Amino acid sequence: MREAWLRAWDSDIAYSFRHSPVTMAAALATLLCVGAALLAPWVAPHDPFDLASLDLLDAFTPPAWDARGQASYLLGTDDQGRDVLSTILYGARISLAVGLASVVFALVLGVGLGLTAGYAGGRIDALIMRLADVQLSFPAILIALLIDGLVRVALPTERHDDIAVYVLVLAIGVSGWVQYARTVRGSTLVEKSKEYVQAARVIGRRPAAIMLQHLLPNVLGPVLVIATIHLATAIITEATLSFLGVGVPPTTPSLGTLIRVGNDYLFSGEWWIAVFPGIALVALVLSVNLLGDWLRDALNPKLR
Amino acid sequence: MSAEAALLALRDVGRDFDVSRPWLERVLERAPRRVLKAVDGLSVDIRRGETLSLVGESGCGKSTVARMIVGLHAPSRGRIEFEGVELSAARPTPDVARVRRRMQMIFQDPYASLNPRWRVERIVAEPLRAQSGDRDAIRARVAELLLQVGLTPEDGRKYPHEFSGGQRQRICIARALSTHPEFLVCDEPTSALDVSVQAQILNLMKALQQSLGLTYLFISHNLAVVAYIAGRIGVMYLGRLVELADTATLFARPQHPYTRMLLDAVPDLEMTGRSRTPVAGEVPNPLDPPSGCAFHPRCPHADARCRAERPALRRTAAGSMVACHAEEEGRLPAWAGRFSSMPRRAGMQ
Amino acid sequence: MSPAPPLLEVKHLRVEFQTRRGALVAVDDVSFAIDRGEVLGVVGESGAGKSLTGLAIIGLLEAPGRIAAGEVRLDAQRIDDLPQAELRRIRGRRIGAIFQDPLTSLNPLYTVGQQLVETIRTHLPVSKREARARAIALLRETGIPAPEQRIDQYPHQFSGGMRQRAVIALALCAGPELIVADEPTTALDVSIQAQIIGLLKRMCREHGAAVMLITHDMGVIAETADRVAVMYAGRIAEIGPVRDVIHAPRHPYTVGLMDSIPKPGQARATLAQIDGAMPRLNAVPSGCAFHPRCPRQFARCTQQRPELIPAGSSRAACWLHADER
């Protein structure tokens, strides 16, 4: 175990990581964001979702360094009296959770379809790729809106809030599988012609076993890079959907919801309701993006 | 030689590949379907314990034959039988699966034939795991196999990229031997290796054949290698078998003009300085093979019959099988080639 | 050895690869010379450094590889330290190159004629019409049928052998004094190999070009080369007239190499083999790089690296011949 760790530390990837200050800063920032979001219940000064603890009289309090601010509300409060800082922490939690879940969903769906298309070839390949082409002609937001709308129509209104998060994950996931599928299909086509796959066929392994045990480990490389960058996109998509009002319910606001709420008051003086969540969102997405950039370059053998 | 006595029998085997343009383009351009006849009417028997070699240049179909035998491609025509069990039927019977376990394949590229993410132990054990699950027995068998091919049991913990080309080919051989097969199809196993490493692998294969009683089908384009390892040689050209003979007979008394051309092309390390018959032309496009005898555009002895009629394999006075009109009609001159006085080697069949 | 200075002189060439773990030496103190019009074969197995030596001479070494020491002289003039612009002028005009894969040597987007004419006009002060006429004549010389039509075709319309003929024409079109050919026939069918090798030899002789023929195939060397250098682990193990090196090799590696080549006429039950493998660049043995695999090694072999010592009409880097001086 120790030697595996030593080997990893000494590997080319770890070396390039250690020598890139931007990447290390980005990784740190991401870690902080994720850590703060995970530990929100213990770190946040207030619980913004506890409707009982909200006091409308505290609404629109400016940040603490302003003359009219209060120390307990470090970044001010929003229109319902929720502490902006706590809401950012809890909201980031939701953003990250939805983002990660969507990425995992899209990854599993996309990699599965890509492997199948690449290995099976012929009609199955053509079908899956045409499906992908059709989907690519729609903007991702539109697809997410479509799925969300369908579910709202299909289900009674009381259930909406309960399952809103799941619907969100489904919508963002379905809108994002194509990039995984295409990449994996390409890699599968390359690997399929290699002789170790043919050797497995000669041995008599079944196609499913060949795809999962032989092909999957060898095509996952680029998928990791796509997933990191897709995480950033997923978080933004969730924020956009929440901003548009079709994301998470307003009682459990995410960063996007906050920005929407704050948007109304941006130019009438209560700027902090939109600006701070906006900064938090940008910081989170930027650091994830930078990490993804580094990962792509580090894993590219031609650049080493 | 009856089909039942042979270990593997191929009867009039053919394989076509559809290389037409995609359907939509074809319809729009009104282009015809294009079919590549990679193998066209091949019949040969492989006897138990022998090493039969198929030689030829690119496009001759020898690799396709290998792949059809192990089941990677299904033949378009003809039959392939292993000890009487037909392997080429449209619906494979359970017998076929049982028989397939008795044959294995070794590939050309030692760098691509091992999964780079698997440890050597897992690679060698893969055929075993497909059959039984006893982990200790499998581990012991893997250790035994690695020793047999000249590696150590500790090598099982390593990954393929830690080995050289020759060592990787040894791993491939170990994997192929794991289920005690009787028949090994070897597709250019030493073509990607350096000369000194090739010698090691060829010696290993010969030793294993002796100790384990294996039968080899050895595909190669290198006549010198084939002279060393094979007892019988089949020469292929554009998907057809043009000559089939014992090694000594093939080198001393080649009958087919293409065989003679190939022998002339073997580099002259002895530097005897003898002049060579200049080699004419190139292998034609397999999509558009010549009419009649496929070799006639390059053959110094071609006549009208050769251009029109495809020759059949027939037995010659020397004991070999040749598909050549000139030979049949006695028009073929005697060959005073380099290896006319090739001695029979100890251990050669 | 002719009294005139050699066409190409390589002295103590050293090619290194910078990795973060230190420098890997791929070509280690290699020296040889090529006379005008002669064919020198450089033979070795993979990892011996023969291709890198060729690339270093042409000036096509890519980072992280670089020439760390030594010099390369063309007609007594140093070319390894020239700026890129000068080097480009020498390449093509005085040194031509032929690589293994004709598909990558020819630009698939231009016709063969365009590439020939461009190369000719880059190095020679001739008009377009004259360059085209030269190109057609060259193509005809290489045995390409109907060169007037072929000249306007694209590389993918040629077969493998034809393409290599076109590459030979391209290499010779500016009238170079030296051709560096790196595995020119390895990717070709056996029957075509013989044709191309013969063509290369004939055309170089007729155009007065010397050849540095890099290959792993001893048979090609036997038929084409005047002298041969055998490389092992980045060093020259033996160098001498081709007949002597092949029939009476002096270095144990060359002996093992020749013995392990299967020859159809020989009557042996097993091929002689050299146990082990060529050392990796980061694990080159001390002293003589071959000593761990050598059946005749002794104490001095492990301690001191041998220089090329005269042995018969060749020179071998082996302490066995130290007393023959």
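Visitor: How many residues do chain B and chain C give to the contact between them?
Guide: Chain B gives 37 residues and chain C gives 36. Two residues are in contact if their C-beta atoms, placed from the backbone, lie within 7 Å. This is a predicted model, in which local features need pLDDT of at least 70 and side-chain atom pairs count only at pLDDT 80 or more, while totals for chains, interfaces and linings use all residues. Residues are numbered from 1 along each chain as its sequence is written, and chains are lettered from A and ligands numbered from 1 in the order in which they are written.

Visitor: Which elements of chain B give two or more residues to the side that touches chain C?
Guide: They are α7 (195-212), α8 (223-229) and α10 (257-265) of chain B. Of these, α7(B) gives the most, with eight residues. Helices (H or I, at least four residues) and strands (E, at least two) are DSSP runs, numbered from the N terminus.

Visitor: What is that side of chain B like by class?
Guide: It has 23 nonpolar, eight polar and six charged residues. Ala, Val, Leu, Ile, Met, Phe, Trp, Tyr, Cys and Pro count as nonpolar, Asp, Glu, Lys and Arg as charged, and the others, Gly among them, as polar.

Visitor: What pLDDT does chain B average?
Guide: Chain B averages 87, and 93% of the residues score at least 70; pLDDT is the predictor's confidence in each residue, from 0 to 100. Among the elements of chain B, strand β3 (residues 51-55) has the highest mean, 96, and helix α1 (residues 23-29) the lowest, 79.

Visitor: Which strands make up the antiparallel sheet in chain B, and in what order?
Guide: It is an open sheet of four strands, ordered β2-β1-β4-β5. Two strands pair if DSSP finds at least two bridges between them. β2 (35-46) and β5 (85-86) of chain B each have a single partner strand, so one side of each is left without a neighbour in the sheet. Strand β1 (residues 8-18) of chain B pairs with β2(B) over eight bridges, and B:D18 has B:V35 as its bridge partner.

Visitor: What is odd about the phi of B:L238?
Guide: B:L238 has a positive phi of about 50° although it is not a glycine. B:L238 sits in the loop between β9 (232-237) and β10 (240-246) of chain B. With 24 C-beta neighbours inside 10 Å, B:L238 counts as buried. A residue is buried if 20 or more other C-beta atoms lie within 10 Å of its own, exposed if 12 or fewer, and partly exposed in between.

Visitor: Where is C:D29, which also has a positive phi without being a glycine?
Guide: C:D29 lies in strand β2 (residues 22-34) of chain C. The phi of C:D29 is about 60°, and the residue is partly exposed, with 16 other C-beta atoms within 10 Å.

Visitor: Staying in chain C, what is the strand order of the eight-stranded sheet?
Guide: The order is β6-β7-β8-β3-β9-β10-β12-β11, in an open sheet with mixed pairing. β6 (95-98) and β11 (309-311) of chain C are the edge strands, each pairing on one side only. Strand β10 (residues 235-241) and strand β12 (residues 314-316) of chain C pair in the antiparallel sense over two bridges, and C:E238 has C:A316 as its bridge partner in β12(C).

Visitor: And which peptide bond in chain C is cis?
Guide: The one from C:A63 to C:P64, with omega near 5°. C:P64 is in the loop between α1 and β4 (65-74) of chain C.

Visitor: What about chain A: how many helices and strands does it have?
Guide: Chain A has 12 helices and zero strands. Its C-alpha atoms fill a box of roughly 75 × 50 × 30 Å along the principal axes, and buried residues make up 42% of the 304 residues. Helix α9 (residues 195-203) of chain A is mostly covered, with eight of its nine residues buried. After α9(A) comes A:G204, whose phi is positive, near 105°.

Visitor: How many residues are in the largest nonpolar core?
Guide: It has 276, and B:L217, C:A56, C:A166, C:L178 and C:Y232 have the most contacts inside it. Helix α5 (residues 84-120) of chain A gives the most to this core, with 17 residues. A nonpolar core is a set of buried Ala, Val, Leu, Ile, Met, Phe, Trp, Tyr and Cys residues joined through C-beta atoms within 7 Å.

Visitor: Which residues is B:L217 in contact with?
Guide: Leaving aside neighbours within four places in sequence, B:L217 is in contact with B:I46, B:L52, B:A66, B:I69, B:V185 and B:C186.
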